Amino acid sequence: MSYRVLIVDDSSLMRRMIVKLFQDSPYFEVAGTACNGREGVERALELRPDLVILDVEMPQMDGITALRYLMDCCPMPVMMLSSYATEGSALTFQALKWGAADYFHKDLLFSNTADAMVVNDFMQRCRLIVMNRPQEPSMRVLLEAMLTCMKMEKDLKAAQHTLKKTLVRYNGLVLKFKQEHNRFIHTSCVGELFGISSEQAVGRELVDFMPAHVARRQEERYRRAWDGEEIDWFDTSWNGRIYRTTIQPLWEDDEVVEAVALSVDITNQRRAEERINRLIHYDGLTGLPNRQYAQDYVQQALELAGSNNRTAAVLFIGLNHFKLVNEALGDDVGDQLLMNIARRLQKLEADGGRAVRMGGDTFVYLFNYQEPSEMLETIDQLHAQLHHPFRFGDQDIYVGSSIGVSLYPNHSDRAERLLQASEMAMYEAKQQGRQTQVYNPSLNEQLHRRMEIELHLRKAVELGQLKLYYQPIVSTANARPVGMESLIRWFHPELGAISPGEFIPVAEETGFIVPIGRWVLEEACRQNKQWQQDGFTPIVISVNISSRQFYDPLFTESIVNLLHRTGLEPHWLELEITEGVMMDIHTALPILKELQALGINLSIDDFGTGYSSLKYLKELPVGKLKIDQSFIKHIDSNVVHTAIVSSVLSMSRQLGLEVVAEGVERVEELNALRENGCVFAQGYLFSHPVPAEVAGKLLGESLYPLGEAVR
């Protein structure tokens, strides 16, 4: 026999690796997966697996909370997973107190040095858990116990007393009957259900105390029981209540001499099942159908589309800035935003589509069409709904979306594969900065590449594979460096050089960006202090800060500590924040003022591409704007770019802000910037990002023959 396993982990890579372990075992089969604690509870209630593999640290609902919910609601064997690299190890011991059967460390199971003995130990412990789990009593056990009690107990009154207490607990009724003159007469009545008492039932037929339509249905089953058939549980509605009945014949010398009917009121249980069914199939926050409903509904829609010779499209929608909203504004605003998004998606359902929440910040929209133009129009409508700002108080929030598209029958005729294909396409759209991506088979290779990156990124910092490169920020007057921007690079011994554009999105999604960000800050400050000690003219070192770092409650304290450790004065450090961090100006402003009070320089990176509002710009304690390179390209010939840069420079002078032009690659662009009064610039025209030893040699040097630049 094989045991059914549910795997709950927020990392898609971890889920796939754990699934592979159980798929390779002859003792287990994978019943399902979930990506957070809340979804894990829903799936567990739906699937009732023999074993749950539960990660400790997850979003939405962590593993400890999910475990406690399961133990209270529906106890089942749980194996906890944690990591040495987090607080998970300590939390696992807490999980054991709340009912977890065992725990195991991911680092042992999935490290590069993990061997077959470790994997075998894990699988053996999982098998022992399910083999030794306690068995739940069934209603048939209850019936058999009562029958045995009635046959063997000499003291009938004592037996009835025990039976009555049991029936009171289950809100049940036991009727014994025999056949007399082709009529079924009750000889005993124990318990009370729907007001039926012993006086009403004993010596009477069903029709004497039940409605005729109920009595007729039950009498037909009485007749079958008298013929020797054991009647399994069946449900009957009466007076707005539901009761479940089983009927068993009593034999003597191969002849039925009496029969027993046990009825139990299951109205509350049925209502609870309906609530659980609602929880299983519908998202509790948005009211939309959830992941489980999606696969069933997609398959039904495919069959309908096939019978009508139409094409079905599965659109997997990923929100682009939802995590930033959650970090900046909190879970309450995040939940409200998800509900608003659901309402907008439901507006499109009038055209025959259906929206489903897949979990977290992802949705699916399914529809069928005849002409490709219908599909393109629907995608445009979706983008329009999700790109329109959401109003919260006096603030507009922009999220935007990336949509992955898979088509029936082009890509598959199975719902599960279409959902996987559209999800892969969505992640590709995010990585490439596109709004829409249609699935193609090459995305499977890209998914494998992403899984490799996620796996190796966990150890990149501690194995010393990350390096900081530095790109000079120069004065346009003499092309001498006035600062250095630190830029991260990853050199893997097997995968080679991995672009930041490839691994930074993975780090952001998985949360690895936090330890990586701490390392970058420490290394940049240490290197700048080293240059000063080597006698170079002091310059400002710039470090990009992720939103997760910025909104960490201990962020400011950690900056103070690292400046103390490295000995770098605060005014030689500049923190570059993106405009996206400014989405919650009320939360961001106190943090920025606290950093400014420490003497740290602040700048806004990629200015003009995000969500900054000019009305807030004058309130921000920043000293510098970095104009995004997309506006600098061909500034000498593109009148629109010239007008934008000129406006930013004019506004900055009035606000007393410095401006750095990013991405300067041509002499003509440098000349145009100088003519417009731009004082600082950065780009390949002066230097590519270079290692620390090369960057040190650039300090104090003129990085461009200025005479040629302004000829």
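These are my notes on the cores, the largest cavity and one sheet of a predicted model.

I number residues from 1 along each chain as its sequence is written. Local features need pLDDT of at least 70 and side-chain atom pairs pLDDT 80 or more, while totals for chains, interfaces and linings use all residues, and side-chain values use heavy atoms, without hydrogens and water.

**Cores.** I looked up the largest nonpolar core (buried Ala, Val, Leu, Ile, Met, Phe, Trp, Tyr and Cys joined through side-chain atoms within 4.5 Å; buried is under 20% relative accessible area, 1.4 Å probe, protein chains only). It has 79 residues, and Phe550, Leu573 and Leu575 have the most contacts inside it. Helix α19 (513–533; a DSSP run of H or I, at least four residues) gives the most, 8 residues. I found another core apart from it, of 31 residues, including Val333 and Phe367.

**Cavity.** I then took the largest cavity (points on a 1 Å grid over the protein atoms alone where a 1.4 Å probe fits but cannot get out). Its space is about 170 Å³. Of 16 lining residues (an atom within 4 Å of a point), Glu39, Glu42, Asp283, Asn290 and Gly359 are the closest to the centre. The lining holds 8 charged, 6 polar and 2 nonpolar residues. Helix α2 gives the most to this lining, with 5 residues.

**Sheet.** I traced an open sheet of 5 strands (E runs of at least two residues), β2-β1-β3-β4-β5, with parallel pairing (at least two DSSP bridges). Its edge strands are β2 (28–34) and β5 (102–105). Between β3 and β4 I noted 4 bridges; Ile53 has Met79 in β4 as its bridge partner.

Methods:
Buried means under 20% relative accessible area, exposed over 50%, partly exposed in between (1.4 Å probe, protein chains only). On a 1 Å grid over the protein atoms alone, a cavity is a set of points where a 1.4 Å probe fits but cannot get out, and a pocket is an open set with protein on both sides within 12 Å along at least five of seven lines; lining residues have an atom within 4 Å of a point. Grid points are joined across faces, edges and corners, and a volume is the space filled by probe spheres set on the points. Ala, Val, Leu, Ile, Met, Phe, Trp, Tyr, Cys and Pro count as nonpolar, Asp, Glu, Lys and Arg as charged, and the others, Gly among them, as polar.
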